[in-house]
Amino acid sequence: MTDPAPKHATVIPFERSADRTADRAAGRTAHRAAPTAPLVPAAPAAPAAPREPLWRDLVGDVLRRERLGQERTLKDVADAARISVPYLSEIERGRKEASSEVLAAAAQALGLGLGDLLALAHGRLIRLTSTTSPRGGRGAAVPRRDGMCLAA
């Protein structure tokens with residue numbers, strides 16, 4: 001059996017983007033397939049600057065470390081602080097920004113004062129963000145502090 005359809009291909013000429021822009025500017029709309037651009041490897045991305053830690057992450061980390069250090073459960077500490085277990089969990093994971101009253105209650109439940117909690121979080125912030133510079137001939141590194149101060 002013979003196929004009645006002609007055996008030829010439709011050829012779509014290559015069109016440069018400047019030609020398409022000129023067509024659009026002139027009000028002509030050609031319904032042609034857009035040429036495919038050759039695959040060119042993307043330039044490597046520049047390394048991102050280190051992200052500053054969020055205060056809620058630091059405080060949550062301190063609360064969790066203290067709680068685990070005392071071998072206490074979330075339920076035990078949440079009950080003592082009179083906050084819900086899911087809320088304390090979210091605070092520890094840095095998902096919630098807790099009020100000073102909630103932080104004070106959680107700290108007190110762990111046997112800390114609010115100032116102690118904030119001082120521990122501040123120390124963690126300094127450790128995470130300080131840069132070290134060599135001192136003297138022994139090569140000992142000391143953290144550089146740039147005048148950052150947090151008060152409770």
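## Close-up views of a predicted model

**Figure 1. The whole chain, from one end to the other.** From the N terminus on, the elements of the chain run α-α-α-α-α-α-β-β. That makes 6 helices and 2 strands. Please keep in mind throughout that this is a predicted model. The chain has 152 residues, and 22% of them count as buried. It exposes about 11,700 Å², with carbon and sulfur atoms supplying 56% of that area. Take the contacts between residues at least 6 apart in sequence: 51% of these join residues at least 24 apart.

**Figure 2. The largest nonpolar core.** Here we look at the 22 residues that make up the largest nonpolar core. Good places to start are Val 59, Leu 63, Ile 83, Leu 88, Ile 91, Leu 103 and Leu 117, the residues with the most contacts inside this core. Which elements give two or more residues to it? They are helix H2 (55-69), helix H3 (74-81), helix H4 (85-92), helix H5 (100-109) and helix H6 (114-129). H5 provides the largest share, 5 residues.

**Figure 3. Ile 83 and its partners.** Ile 83 is one of the core residues with the most contacts inside the core. Leaving aside residues up to four places away in sequence, Ile 83 touches Ala 78, Leu 88 and Val 102. Leu 88 is also on the list of core residues with the most contacts.

**Figure 4. The buried side of helix H4.** Four residues of H4 are worth finding in this view: Leu 88, Ser 89, Ile 91 and Glu 92 are buried. They cover an arc of only 160 degrees around the axis, so they sit on the same side of H4. What do the buried residues of H4 pack against? Their packing partners are H2, H3 and H5.

**Figure 5. Ser 89, a buried serine.** Ser 89 belongs to helix H4. Its relative accessible area is 15%, and because buried means under 20%, Ser 89 counts as buried. When residues up to four places away in sequence are not counted, Ser 89 touches Arg 64 and Leu 74.

**Figure 6. The two ends of helix H4.** At the N-terminal end, Ser 84 acts as a cap for H4. One of the side-chain oxygens of Ser 84 lies 3.2 Å from the backbone nitrogen of Tyr 87. Moving to the other end, Gly 94 comes just after H4 and takes a positive phi of about 75 degrees.

**Figure 7. Ala 98 in the loop between H4 and H5.** Ala 98 is found in the loop that lies between H4 and H5. Apart from residues up to four places away in sequence, Ala 98 touches Tyr 87, Ile 91 and Leu 103. Two of these names may sound familiar, as Ile 91 and Leu 103 are among the core residues with the most contacts. Now look across to Val 59: its C-alpha atom is 9.4 Å from that of Ala 98, although the two residues are 39 apart in sequence.

**Figure 8. Two loop residues with positive phi.** This view pairs Glu 71, in the loop between H2 and H3, with Arg 82, in the loop between H3 and H4. Phi is near 55 degrees for Glu 71, a positive value in a residue other than glycine. For Arg 82, also a residue other than glycine, phi is positive too, near 60 degrees. Are these residues buried or exposed? Glu 71 is exposed, with a relative accessible area of 74%, and Arg 82 is exposed as well, at 77%.

**Figure 9. Helix H6 from end to end.** H6 has 16 residues, which at 1.5 Å a residue should span 22 Å. The C-alpha atoms at its ends are 22 Å apart, in agreement with that expectation. Which residues of H6 are buried? Leu 117, Leu 118, Ala 121, Arg 124, Leu 125 and Ile 126 are. The buried residues of H6 pack against H2 and H5.

**Figure 10. Gly 123 in helix H6.** Our last stop is Gly 123, which lies in helix H6. With a relative accessibility of 22%, Gly 123 counts as partly exposed. Buried means under 20%, so Gly 123 does not fall into that class. Leu 58 is 65 residues away along the chain, yet the C-alpha atoms of Gly 123 and Leu 58 are separated by 9.5 Å.

Methods. Residues are numbered from 1 along each chain as its sequence is written. This is a predicted model: local features need pLDDT of at least 70, side-chain atom pairs count only at pLDDT 80 or more; totals for chains, interfaces and linings use all residues. Side-chain values use heavy atoms; hydrogens and water are left out. A nonpolar core is a set of buried Ala, Val, Leu, Ile, Met, Phe, Trp, Tyr and Cys residues joined through side-chain atoms within 4.5 Å. Buried means under 20% relative accessible area, exposed over 50%, partly exposed in between (1.4 Å probe, protein chains only). Contact means heavy atoms within 4.5 Å. The expected span of a helix is 1.5 Å times one less than its number of residues. Accessible areas come from the Shrake-Rupley method with a 1.4 Å probe; for residues, only the protein chains shown count as cover. The arc is that of the directions from the helix axis to the C-beta atoms. A polar contact is a pair of N or O atoms within 3.5 Å; within protein, one must be able to donate a hydrogen and the other to accept it, and residues adjacent in sequence count only if both atoms are side-chain atoms.
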